[in-house]
Structures are given as C-alpha cells and as structure tokens.
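Student: I have a chain open on my screen. Can you show me how to read it, feature by feature?

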Amino acid sequence: MNIKWNADKYNKDFTFVNQYGNALLDMIEGENLSVLDLGCGDGNLTKSLYEQGYKVDGMDASNEMLEIAKSKYPEINFILSDAPNFSIDCKYDVVFSNAVFHWIDSNKQLKMLQNVYNSLKTNGQFIFEFGGYGNTALIHNALKIEFEKRGLTYVMPCYFPTIGEYTTLLEKAGFLVRNAILFDRLTELKGENGLYDWIKMFVKTPFKNIDITTENEIINAVVNSLKLVLFQNGKWYADYVRLRCKAIKN
C-alpha cells in the first residue's frame, strides 16, 4: 500500500466508502461461505459480511485501521498483512475487496492477484471494486496543473486501469472473469470543505517533500479551480469512476 491513513478521520468523515461497498455484497453466491475481506479498513463491511452469516476474516495493512476494527467488532478475526505479500494457510470460498486495489502500485498487481488466487478454493469467488480508468481525473489533473505552475512534478499516487487492462491481469493470474463493469459515480463529499478534506485524506505521496504552506496553497488553488464543476447545490462531489468485477478460480 502506498498511503498511511488518518484512521480516526477516515472513520468519521469518509463513511461513504463503506456505504457504497454494500452493493458488492449481493454479488456473493451461496450461503455459509468463508470470506476474506481484503483491505478491510475499519471493519464496517466485514461486519456486514458477518451479519449475513458468512465466516469472515478481515485483513488490512494498516495497524491504525485494524485497531478501530478490533475495538468495534471483537467477535471478528482481523489479520495484519498487505495484499501484495500475504499468504494464508486456509482457503476461502470468497475473497471480497472494496476500494483497495487502486492503492497498490501497478507493478505489484499481478503478485497480489496470484496471492488471491492461491487463497481461494477451487471455484472460489473473487468479488471487488476499486477506482477505474478516469477516476477523479478532474481532481488529479487540477493538482498536476498547480504543481507544474510551481515547477514541481506531480506523480499520480493511484492505479486506475481500464477493463481490458485489468481483466487481462486477472486471466494471467488464472481467473475466469465472469463480469466486469466500468461506471461513473459522482460521489458526495462531507462538509463545506469536502474537496479540501478529500485531497488531504487521499492525496498524500505527491506532497511528501513539499512544505505545508505550499501544500495548502496548492490544495486551495485546486478547490477554487474546481468549484464551478464539483460544487453543486451547496455540496462538494468527487468525480469517481469505479471498476467492479467478479472472477472465479478455475
């Protein structure tokens, strides 16, 4: 993973991530299944899986997130590990993941998919959603412009693939792709500073070696430049595009 989370603020102000992930639950076929929630974060979706009767484990690379998950849901088993490097003794019927894979560098995606494949039983289901091609393009392009105005280089912190690119990787890892869809989902952000807070939460690595004054100057310039487009009826929005897939282990 290429981001370190402010877990408390994420849990407080960015609950929409989990709420949208609930739509994925209906894609699971079968009952009394074992499920790995890969990149479980604060555990809210893991809890939803548990309440639907699945035998679920949550896995995440963030100690801060897992501390929240364990305190809220002590009845669930949570595992500290990251997606590109995990290995696990048991085999699951389902690997489930929401809003995680765009944080994994492109050169680690195949290894991660092979780990998932190895953790599934034969005919096991792999169900996931994450940022796809064009996700938050308006925001990242505006950031790039403001960086370049100051003689700085903006390095995209996320991986947003096309359907063709990602289904090819899935097949290379051994999966049979059952369905895949790329769709726009304009997403409401919380509060009057919604876009500013979103950038502060999710765009960290490009600002790694930039002083806080310049960082705030850039973010405020981006907010002002996007107000006509992403501020609607008194609310901020992010121009999300999601890639949702279901694949089967052959």
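Student: Which classes of residue make up the lining of the second largest cavity, and how many of each?

Tutor: First, the ground rules. This is a predicted model, where local features need pLDDT of at least 70, side-chain atom pairs count only at pLDDT 80 or more, and totals for chains, interfaces and linings use all residues. Residues are numbered from 1 along each chain as its sequence is written, and side-chain values use heavy atoms, with hydrogens and water left out.

Tutor: Now the general idea. Rolling a probe the size of a water molecule over the atoms shows where empty space is left. On a 1 Å grid over the protein atoms alone, a cavity is a set of points where a 1.4 Å probe fits but cannot get out; lining residues have an atom within 4 Å of a point. Points are joined across faces, edges and corners, and the volume is the space filled by probe spheres set on them.

Tutor: Here the lining of the second largest cavity has six nonpolar, two polar and two charged residues. Nonpolar covers Ala, Val, Leu, Ile, Met, Phe, Trp, Tyr, Cys and Pro; charged covers Asp, Glu, Lys and Arg; the others, Gly among them, are polar.

Student: How many cavities of 30 Å³ or more are there?

Tutor: The count is two. The second largest holds about 60 Å³ of space. Of its 10 lining residues, G39, D60, A61, S81 and A83 are the closest to its centre.

Student: How many disulfides does a search of the whole structure find?

Tutor: Look for a pair of cysteine sulfur atoms within 2.5 Å. The search finds zero. For C90, the nearest cysteine sulfur is that of C40, 14 Å away. For C158, the nearest is that of C245, 17 Å away.

Student: Is C90 buried, partly exposed or exposed?

Tutor: Use relative accessible area, with a 1.4 Å probe and protein chains only: under 20% is buried, over 50% is exposed, and in between is partly exposed. C90 is partly exposed, at 34%. C158 is buried, at 14%.

Student: What is the phi of A99?

Tutor: Most residues other than glycine have a negative phi. A99 has a positive phi, near 60°. A99 sits in the loop between β4 (92-98) and α5 (109-119), and is buried, with a relative accessible area of 14%.

Tutor: T136 also has a positive phi, near 45°. Its place is the loop between β5 (120-131) and α6 (137-149). T136 is buried, at 0% relative accessibility.

Student: Where is F147 found?

Tutor: In helix α6. Helices (H or I, at least four residues) and strands (E, at least two) are DSSP runs, numbered from the N terminus. F147 is buried, with a relative accessible area of 0%.

Student: Which residues is F147 in contact with, leaving aside its neighbours within four places in sequence?

Tutor: Contact means heavy atoms within 4.5 Å. F147 touches L152, T153, Y154, P206, F207, I210 and I218.

Student: How many helices and strands does the chain have?

Tutor: Nine helices and eight strands. The radius of gyration is 18 Å, close to the 18 Å of the globule rule for 250 residues, so the chain is as compact as a globular protein of that length. That radius is taken over C-alpha atoms; the rule is 2.2 Å times the number of residues to the power 0.38. Of the 250 residues, 54% count as buried.

Note on methods
On a 1 Å grid over the protein atoms alone, a cavity is a set of points where a 1.4 Å probe fits but cannot get out, and a pocket is an open set with protein on both sides within 12 Å along at least five of seven lines; lining residues have an atom within 4 Å of a point.
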